[in-house]
Amino acid sequence: MPSTHKHHFLLAAEARTISLPMIQKWSDDEVRSFFEMMRWADTLGTPYCPHCSSNELYTIRTRNQWRCKKCNKTFSVTSGTWLHSTKLPLRTILMAIVISANAVKGIAALQLSRDLGVQYKTAYILNQKIRDSIYKNLNPISLKGEVEIDGMRIKPSKSVLFNKKANRRKKNEVTVLTLKQREGHNLAERFITRVVPSENKDDIRNFVEENVAKDTTIFSDCGAGYTTLHASYDLRTVNHSKEFSGPNGENINGIESNFSRYRRFLTGQIHHQHDKYLHLYAQEIAFREENRRRSNGDLVEMLLIHLLSLAEDPEFRGYWGARRRVTTARFSDSFSSAA
Ligand SMILES: [Zn+2]
């Protein structure tokens, strides 16, 4: 961790290990090799068949594909991954990931489309796939050691999930519950988020029991929803109306910093927060907070490994195609599910 007496980490040279001019200088082969390294990281970039795992392959150089000698199936570096159906050149995808990795408060699809010179819908889908891959690649191991919890109220501009009687009275506000595992005792800092209707004890208990190991020390504020955690955890509370931090380190300041990043993202970047995707936004910002001291090259590799490690994304595949009848011709052209 850099000393706080020096300048901010993002200003330091070690925070910058990849850039758009660097990628522009790479040959097409170099770009593809980078994708191969990320997809087949376990074999140091040597491809193997996604269907039967055989490494006996014919190379079809003209199409940048391989054919498996065992099962006879053909595949490319993106086959079977979330990037499978994209028509974008690999270099453009890599540039999008670099731009996203550099955007410490997240990036709007409109800005990404302008930066890359691609259609808005293309940038939107890529952006959502990046978010969804962060969400679905969450480390499944329970948090332990010292864990903070807090909730942040937000009011989505469009609501479908929680637009029910109980919530209508509260103007459709929802709560983003956030858990933070503190760094230390051989544990890395980690964040897990969940969007719930309110800071109520049932949602809090379910969220914590699913994500935090028993007997962990948990820090919270004095909200009534947190008191039931006493039963299974070592709960320590801080009274925010009286103090910023208790005498024995009872504080949730780490989560506050994540929330302020999230607020800046919601007001400064995306403007319209559809509550259907709030969980993706919340976890994206938590990912940025969690990895804020990594170089941008590390972030690019993490994001690309996420995108290439997953099966095809059912949620955003054909996203605009399904809306073809209600959108303009401009939005319905050129959408393809072809490889
Ligand atoms: Zn095969």
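Which residue in β2 does L57 stand opposite? Select L57 and look across to the neighbouring strand: the residue opposite is C68 in β2. The model on screen is predicted, and the tour starts from this pair.

**The three-stranded sheet**

Extend the selection to residues 65–68, which make up β2. Strands β1 and β2 are joined by four bridges, and they run antiparallel to each other. Now add β3, residues 74–75. Together the three strands form an open sheet, ordered β1-β2-β3, with antiparallel pairing. The edges are taken by β1, residues 57–60, and by β3, and each of these pairs on one side only.

**Two crossing helices**

Next, select residues 28–39 for helix α2 and residues 90–102 for helix α3. Two packed helices are described by the angle between their axes and the distance between the axes. Here the axes come within 9 Å and cross at roughly 60°. The crossing of α2 and α3 is left-handed. To see the contact itself, show the side chains of V31, R32, F34 and F35 on α2, then those of L90, R91 and L94 on α3. Five of these contact residues are nonpolar, two are charged and none is polar.

**The five-stranded sheet**

Move on to the sheet with the strand order β6-β5-β4-β7-β8. This sheet is open, has five strands, and its pairing is mixed. Select residues 190–196 for β6 and residues 234–238 for β8 to find the edges. Each edge strand has a single partner, so one side of each is left without a neighbour in the sheet. Looking along the sheet, neighbouring strands are turned against each other by 25° on average, direction ignored.

For a parallel pair, pick β4, residues 146–154, and β7, residues 217–221, which are linked over three bridges. Where is the bridge partner of E146 in β7? Select T217 to find it.

**A helix across the sheet, and the core**

Add residues 278–290, helix α9. Helix α9 lies across β5, residues 174–181, and β6, and its direction is at about 160° to that of β6.

Finish with A282. Which residues does A282 contact, leaving aside its neighbours within four places in sequence? They are V176, T193, V195 and Y262. A282 also belongs to the largest nonpolar core, which has 61 residues. Colour I97 and L303 as well: along with A282, they touch the most other members of that core.

Notes. Residues numbered from 1 in each chain as written. Predicted model: local features only at pLDDT ≥ 70, side-chain atom pairs only at ≥ 80, totals over all residues. Pairing = 2+ DSSP bridges. Core = buried A, V, L, I, M, F, W, Y, C linked by C-beta atoms within 7 Å. Buried ≥ 20, exposed ≤ 12 C-beta atoms within 10 Å, placed from the backbone. Contact = placed C-beta atoms within 7 Å. Axes fitted to C-alpha atoms, helices over the stretch in contact; angles between N-to-C directions. Left-handed = near helix turned anticlockwise from the far one by under 90°. Nonpolar A, V, L, I, M, F, W, Y, C, P; charged D, E, K, R; others polar.
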